[in-house]
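Here is a quick walk through a protein model, written for someone who would rather be at the bench. Have a look at the sequence and the structure first.

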Amino acid sequence: MSKVDVKKRVIDYLINELNVPENMIEEDVALSEYEEGIEGTIDITIVVEDGEECLVPLMIIQCVDDDKELNEEEVEKHMDFLEIIDSATNVGRMILTNGDQMMYADWNGTELDEDDVLPTYDEMVKDFKDTEKEYMEYVAEHPDHICDENCNHEH
C-alpha cells in the first residue's frame, strides 16, 4: 500500500471511528501556511473553527508507506520534522502511521495506553474550547500583558 493509500485509509478511520467531519480534514497543507519560510507538507490536518472563525489545527497526521515498520529507527527519522510541525502549528497532537502501526505523541500531556483509543473529534474540540476559554479569561484579567518568547503561561 502506498502512502496515498495509507492517507485514504487514515481519513476513512477519522471519519468513521473518531467522528471527524469530512470538511474538518485537510490534506497536503504546506507548512508555510503556518509559518512563513518553513518547507514541507502536512499529510493530514484535523481542524476546528476558533472564536474568530479561523481554522485551527487539532491534530496532525504524517503517513509513511505501509512497508515501513514503525520501529525506533523509522520514528527517529521523522521526529525532527514532527517537532518542526509542532513548533509552527502549536498543535500538540500528532500521529505518525504506516496504516497498521501508529506512534501517537501528545504535547498536551495526554498519554494513551495500548488499549486506549484516540480522542474523538468532539473530545479534541472540547479540549480546544476549554483551553481557548482559559486563555481568553487570562487575557481579560491581564489586559496589559504582551505574550512573547519569555511568556510562561499556557495558551
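The notes below go from the overall layout to the sheet, the cores and a few single residues.

## The overall layout

Keep in mind that this is a predicted model. The protein chain holds three helices and five strands, and starting at the N terminus the elements come in the order α-β-β-β-α-β-β-α.

The protein chain has 155 residues, and 38% of them count as buried. Its accessible surface is about 10,000 Å², with 42% of that belonging to carbon and sulfur atoms. If you take the contacts between residues at least 6 apart in sequence, 49% of them join residues at least 24 apart.

## The sheet and what packs on it

The five strands form an open sheet in the order β1-β2-β3-β4-β5, and the pairing is mixed. Why do β1 and β5 each have one side without a neighbour in the sheet? β1 (25-30) and β5 (102-106) stand at the edges and have a single partner strand each, so one side of each is left free of a neighbour there. On average, neighbouring strands are turned by 30 degrees against each other, ignoring direction.

Strands β4 (residues 93-97) and β5 run antiparallel and are joined by five bridges. In this pair, Arg 93 stands opposite Asp 106 of β5. Two helices pack on the sheet as well. Helix α2 (residues 72-89) touches β2 (41-49), β3 (55-63), β4 and β5, and its direction makes about 150 degrees with that of β4. Helix α3 (residues 121-141) touches β2, β3 and β4, with its direction at about 70 degrees to that of β2.

## Two nonpolar cores

The largest nonpolar core has 24 residues, and those touching the most other members are Leu 14, Val 20, Ile 44, Ile 46, Leu 58, Ile 61 and Tyr 121. At least two residues of this core come from each of α1, β2, β3 and α3. Which element gives the most to this core? That is β3, with five residues.

Tyr 121 is a handy place to start clicking. Leaving aside residues up to four places away in sequence, Tyr 121 touches Leu 18, Asn 19, Val 20, Pro 21, Met 24, Ile 46, Val 47, Val 48 and Leu 58. There is also a second, separate core of 16 residues, with Leu 31, Ile 38, Leu 82 and Ala 105 among them.

## A buried arginine and an exposed lysine

Is Arg 93 buried or exposed? This residue of strand β4 has 4% relative accessibility, and the cut-off for buried is under 20%, so Arg 93 counts as buried. Its side chain makes a polar contact with the side chain of Tyr 104, at 3.5 Å.

Lys 8, in helix α1 (residues 3-17), is exposed because its relative accessible area is 51% and the exposed class begins over 50%. Lys 8 and Gly 99 sit 91 residues apart in sequence, yet their C-alpha atoms are 9.4 Å apart in space.

## Two positive phi angles

Two residues that are not glycines are worth a look for their backbone. Asp 28 has a positive phi of about 50 degrees; its place is in strand β1, and it is partly exposed with a relative accessible area of 45%.

Glu 53 has a positive phi too, of about 65 degrees. Glu 53 lies in the loop between β2 and β3 and is exposed, with a relative accessible area of 64%.

Technical notes. Residues are numbered from 1 along each chain as its sequence is written. This is a predicted model: local features need pLDDT of at least 70, side-chain atom pairs count only at pLDDT 80 or more; totals for chains, interfaces and linings use all residues. Side-chain values use heavy atoms; hydrogens and water are left out. Two strands pair if DSSP finds at least two bridges between them. Axes are lines fitted to C-alpha atoms, for helices over the stretch in contact, and angles run from 0 to 180 degrees between N-to-C directions. Contact means heavy atoms within 4.5 Å. Buried means under 20% relative accessible area, exposed over 50%, partly exposed in between (1.4 Å probe, protein chains only). Accessible areas come from the Shrake-Rupley method with a 1.4 Å probe; for residues, only the protein chains shown count as cover. A polar contact is a pair of N or O atoms within 3.5 Å; within protein, one must be able to donate a hydrogen and the other to accept it, and residues adjacent in sequence count only if both atoms are side-chain atoms. A nonpolar core is a set of buried Ala, Val, Leu, Ile, Met, Phe, Trp, Tyr and Cys residues joined through side-chain atoms within 4.5 Å.
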